[in-house]
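Student: I have a structure to describe and would like a close look at one part of it, with each term explained as it comes up. Please show me the chain before we begin.

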Amino acid sequence: MLIFSPTTIRFLNPQPLPYLSFSHSISLTLPLTSLPTPSKSPHFPSFHINCIDAAQPFDYESHLKNRYIQSTSLKIAIIGFGNFGQFLSKTFLRHHHTLLAHSRTNYADLANRLGVSFYADPHDLFEQHPDVVLLSTSILSTETLLKKLPFQRLRRNTLFVDVLSVKEFPRNLFLKYLPPDFDILCTHPMFGPESGKTSWAGLPFVYDKVRIGDEESRIKRCDKFLDIFEKEGCRMVEMSCMEHDKYAAGSQFVTHTMGRVLEKFGLESSPINTKGYETLLNLVENTKGDSFDLYYGLFMYNQNALEQLERLDMAFESIKKDLFGRLHQVYRKQLFGDNNGEVEKKRSLAQKLLGNGSLTEPPLDNVRQDGS
C-alpha cells in the first residue's frame, strides 16, 4: 500500500511485484507536481490516497508498567475453591496475580469465567510450581487434605498460607505435615463475602509469620502476599496463633453463637425497627450464611470456646434469676399487700422462735403466777 501527503509518499506493507520489493515502510519526499500519472500497468498499480501516517513512539510507560506487574505478581494456588476461595480470588486478580485452583467440586467453568486456571488433580496443580499455596478449606477437612497433597511436586521452599478461622490448629498441622524447608504463614481475614463485599478498608487481617526463611526472596514473597490485604486497606494485626484464638473465642465465637441463637429464636423485621434491632437482624444475616461446619470448627478446634460457651450460659441464667427474683417480689405484694406493720410483727415473732418451734419467752400467765 502506498500512502502520501502533499509532500510525502509512503509505502506500507507493499505486495511483492516483479520489479519492486519492500520489506519495510519507505518514506519518499517528492514534490506534488512530480507525481506520475496513474499507471494502468498490471506490474505497477495506481497510487491511491488513503491516510496520513506517522511513526508511533515506543510506549515506555506501558513497558515499565508491565515490568512492575511482573516483578510484584505471585503465582498463587488456591486449595478449596468454594465460597470464600472465590471471594478472595476476585481481589487477587485485581492485583494482577496469576491464580490456580483445585477443589473437590468441579468449578472449572466458574474459574474460567473469573480468569483462574482450574485443576481437578492436585498433582497437575503442583507441577505448575506456584509461589504460594493457599488453603481455603473447611476446618474439619484440613488434616485429611494435608495428608494427601503431593508436596514432592512443589519447589522445596514454597510458601504455605491458611485462612482458617482458628489458628493454633492449622499451625500445628503445618509443622507436623509440611517439609521443613517450606515457609508457613498463618492468617485470618476477619471478614467474609458478606461483611467485605463492598470494601476491605478498616477490616482486621490477623497474621503470624510462623516460619519464613532468611533469604531475601522468601521474605519478599511473604511481604508481597501481605501487601494484597494492606493495599486493600485492611487493618493489619500481627499476633501469635495462641493470642488470636484467645481473642477470637471472645469475639468471633460469641458473635456466631448469638447470631445462631437469634436465628433459632426466629428474629424478624418489623415496621418499627430500632437501630439496635437492625443491628441484630444484620448479625443474623451475616452468620446464617456460614455453614454449621464452620461454627462447629470454631467450637471444636479452639480450646477457649467451651469456656466462652459456659460463660454465656451462666450470664443468661444470672439474668433470668434477676428477672424472676424481682417478679417474685411483685407477686408477693399483690398477694399479701404492702402492710409494713404486719410484716414487722411476723419478723419479730420469727426471731422469738427457737429451732424446735418453742417460744424464747414464757407465757404471761406463768409470769403472773410466779410473781404472786
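Student: How many helices and strands are there in the chain? After that, please take R221 and its surroundings as the part to look at closely: in which helix does R221 lie?

Tutor: There are 13 helices and 11 strands in the chain; these are DSSP runs numbered from the N terminus, H or I of at least four residues for a helix and E of at least two for a strand. This is a predicted model, so local features need pLDDT of at least 70 and side-chain atom pairs count only at pLDDT 80 or more, while totals for chains, interfaces and linings use all residues. Residues are numbered from 1 along each chain as its sequence is written, and side-chain values use heavy atoms, with hydrogens and water left out.

R221 lies in helix α7, which covers residues 216–231. R221 counts as buried because its relative accessibility is 10%. (Buried is under 20% relative accessible area, exposed is over 50%, and partly exposed is in between, using a 1.4 Å probe and protein chains only.) Across the chain, buried residues make up 34% of the 372 residues.

What does R221 touch? Leaving out residues up to four places away in sequence, R221 touches L74, D131, V132, N157, T158, L159 and D183. A contact means heavy atoms within 4.5 Å. For the chain, take contacts between residues at least 6 apart in sequence: 64% of them join residues at least 24 apart.

Further along α7 is F225. With residues up to four places away in sequence again left out, F225 touches L74, I76, F92, V132, L134, V161 and L185. F225 also appears in the packing of α7 against another helix, α2. Helix α2 (residues 83–94) and α7 have their axes 10 Å apart and pack at an angle of about 95 degrees. The axes are lines fitted to C-alpha atoms over the stretch in contact, and angles run from 0 to 180 degrees between N-to-C directions. That makes α2 roughly perpendicular to α7. (Under 35 degrees counts as roughly parallel, over 145 as roughly antiparallel, 65 to 115 as roughly perpendicular, and the rest as oblique.) From α2 the contact uses L88, T91 and F92, and from α7 it uses F225, I228 and F229. By class, this contact has five nonpolar residues, one polar and no charged ones. (Nonpolar here is Ala, Val, Leu, Ile, Met, Phe, Trp, Tyr, Cys and Pro; charged is Asp, Glu, Lys and Arg; the others, Gly among them, are polar.)

Several of these residues belong to the largest nonpolar core, which has 30 residues. Such a core is a set of buried Ala, Val, Leu, Ile, Met, Phe, Trp, Tyr and Cys residues joined through side-chain atoms within 4.5 Å. The members that touch the most other members are I76, L88, F92, L134, L185, F225 and F229. Elements giving two or more residues to this core are β4 (75–79), α2, β5, β7 (132–135), β8 (159–162), β10 (204–211) and α7. Helix α7 gives the largest share, five residues. A second, separate core of 29 residues includes V133, L135, C186 and A305.

The strands named here bring us to the sheet. Strands of a sheet pair through backbone hydrogen bonds, either parallel or antiparallel. In this model an open sheet of eight strands has mixed pairing and the order β6-β5-β4-β7-β8-β9-β10-β11. Two strands pair if DSSP finds at least two bridges between them. The edge strands, β6 (117–118) and β11 (235–238), each pair on one side only. Strands β7 and β8 pair in the parallel sense over four bridges, and V133 stands opposite F160 in β8.

In a regular strand the side chains alternate between the two faces of the sheet. Strand β8 has both faces covered: L159 and V161 on one side, and F160 and D162 on the other, are all buried. L159 is also one of the residues that R221 touches, and V161 is one that F225 touches.

One loop before β7 deserves a remark. Most residues other than glycine have a negative phi, and most peptide bonds are trans. H129 is not a glycine, yet has a positive phi of about 55 degrees. H129 lies in the loop between α4 (122–126) and β7. With a relative accessible area of 35%, H129 is partly exposed, whereas R221 is buried.
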